[in-house]
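Subject: Structure for you, with notes

Dear colleague,

I am handing over the structure we spoke about, and my notes on it follow below the display. Please keep the sequence and the 3D view open while you read.

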Amino acid sequence: MSVRGHWFLSPRTEYCVAVQTAIRQPDGDYQVSEWSQVVEFCTGDYAMDHLQQLLDKAQAAAGRPLRFSVFYRNQSPEYFQYVRSECGGAMLPSFKDNSGSHGSPINGKLRGVFLSCNTEFDTGLPPKDSPYGPLRFQISAERLLNPSTNLYFADFYCMYTAYHYVVLVLAPAGSEGDDFCKTRLPRLDLTANPFLTYAAGDVPVFCHASDVILEVLFTEPLLLENGILAQISGRPQLMSLSTANAKKDPSCKVCNISVGR
């Protein structure tokens with residue numbers, strides 16, 4: 001008699017496995033072997049088909065498109081002072097943290113500058129305040145979202161809340177970030193996707209999804225001189241609202257996928 005089984009393994013996880021067999025004898029007893037040698041291994045990131053499953057779920061949650069005109073980043077005065085004094089006035093890409101889906105290929109591997117673009121329903125403008133700091137850097141959407149830039153889907157997750165995050169990557173065509181994403185992430189059509197779109201014209205039109213929070217990772221440095229820095233109604237950073245290294249809710253039926261099934 002033989003017994004077979006299989007296990008659904010988590011991505012980016014170290015495992016130690018040892019095997020012991022039990023063979024049933026004619027008299028009903030079992031002959032049990034010694035434990036095998038322990039095998040150690042680490043599983044990989046989400047494959048492209050896993051990300052496609054995640055993308056399909058994110059598309060269903062995106063909501064109707066809303067117009068926007070700027071990308072923005074809210075931070076403390078100390079952050080922007082550091083950018084000026086130590087980085088030559090450029091916000092430099094840093095490695096994506098481990099927040100969101102554990103298997104996302106960009107976690108800890110792709111550098112970028114995180115930006116927002118969500119707007120308020122009543123004004124069509126960025127929120128008036130932020131828990132992440134009283135200064136806001138704004139840059140025209142056209143500078144970053146245009147035909148010379150490629151857009152990729154990277155993640156869809158929530159943190160035990162009713163709202164969901166979608167992580168997108170904006171990488172100038174031919175850049176190091178673009179080369180990283182080409183074989184690892186689903187590429188989105190700039191003119192036809194449910195999250196972030198560009199429509200050419202005398203006055204280009206930009207839209208973002210209304211029912212998810214977009215986190216946009218731009219893979220190149222951003223010069224402060226290419227945008228504007230303005231005071232907003234900032235508050236001291238609320239760590240409970242921070243997504244830094246935040247873990248995805250594994251029980252959510254909306255944003256989890258069945259890896260290996």
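What follows is a walk through the sheet, the core, the aromatic rings and a few single residues.

Please bear in mind throughout that this is a predicted model.

The sheet and its helix

I would begin with an open sheet of three strands, which are arranged in the order β6-β11-β19 with antiparallel pairing. Its edge strands are β6, covering residues 70-75, and β19, covering residues 228-231, each of which pairs on one side only. From one strand to the next, the twist averages 25°. Between β6 and β11, the latter made up of residues 135-140, the antiparallel pairing extends over six bridges. Within this pairing Y72 stands opposite Q138 in β11, while the bridge partner of R73 in that strand is F137. As for the surroundings, β6 is mostly covered, with five of its six residues buried, and helix α2 (residues 77-86) lies across β6, β11 and β19, running at about 105° to β6.

One more detail belongs to this pair of strands: the charged end of R136 sits over the ring of Y72, at 4.8 Å from its centre. A similar arrangement is found elsewhere, where the charged end of R184 sits over the ring of F180, 4.1 Å from the ring centre.

The nonpolar core

In soluble globular proteins, nonpolar side chains tend to be buried together. Here the largest nonpolar core has 56 residues, and those with the most contacts inside it are F71, F153, F195 and L196. If residues up to four places away in sequence are set aside, F71 touches a long list of partners, among them L115, F137, I139, L144, L170, L196 and V216.

Aromatic pairs

A search of the whole structure finds seven aromatic pairs. One of them is formed by F153 and F195, whose rings are stacked, at 6.1 Å centre to centre and with 25° between the planes. Because F153 lies in strand β12 (residues 149-157) and F195 in the loop between β14 (187-188) and β15 (196-199), this pair ties together parts that are 42 residues apart in sequence. Both F153 and F195 are buried. The rings of Y198 and F206, by contrast, have their planes at 45° and their centres 5.7 Å apart, so this pair counts as tilted; Y198 and F206 are both buried as well. Ring pairs also link F68, F71, Y198 and F206 into a cluster, and F71 is thus a residue you will meet both here and among the core residues with the most contacts.

Two single residues

Most residues other than glycine have a negative phi. Y160, although not a glycine, has a positive phi of about 60°, and its place is in the loop between β12 and β13 (165-172). Is Y160 buried or exposed? With a relative accessible area of 58%, it is exposed, because the cut-off for that class is over 50%.

E215, which is found in strand β17 (residues 213-218), has a relative accessible area of 11% and is therefore buried, the limit being under 20%. E215 and V169 are 46 residues apart in sequence, and their C-alpha atoms are 8.5 Å apart in space.

With best wishes

How values were computed. Residues numbered from 1 in each chain as written. Predicted model: local features only at pLDDT ≥ 70, side-chain atom pairs only at ≥ 80, totals over all residues. Heavy atoms only, no water. Core = buried A, V, L, I, M, F, W, Y, C linked by side-chain atoms within 4.5 Å. Buried < 20%, exposed > 50% of the residue type's maximum accessible area, 1.4 Å probe, protein only. Contact = heavy atoms within 4.5 Å. Pairing = 2+ DSSP bridges. Helix = DSSP H or I, 4+ residues; strand = E, 2+ residues; numbered from the N terminus. Axes fitted to C-alpha atoms, helices over the stretch in contact; angles between N-to-C directions. Phe/Tyr/Trp six-rings, centres within 6.5 Å; stacked < 30°, edge-to-face > 60°. Lys NZ or Arg CZ within 6 Å of the ring centre and 35° of its normal.
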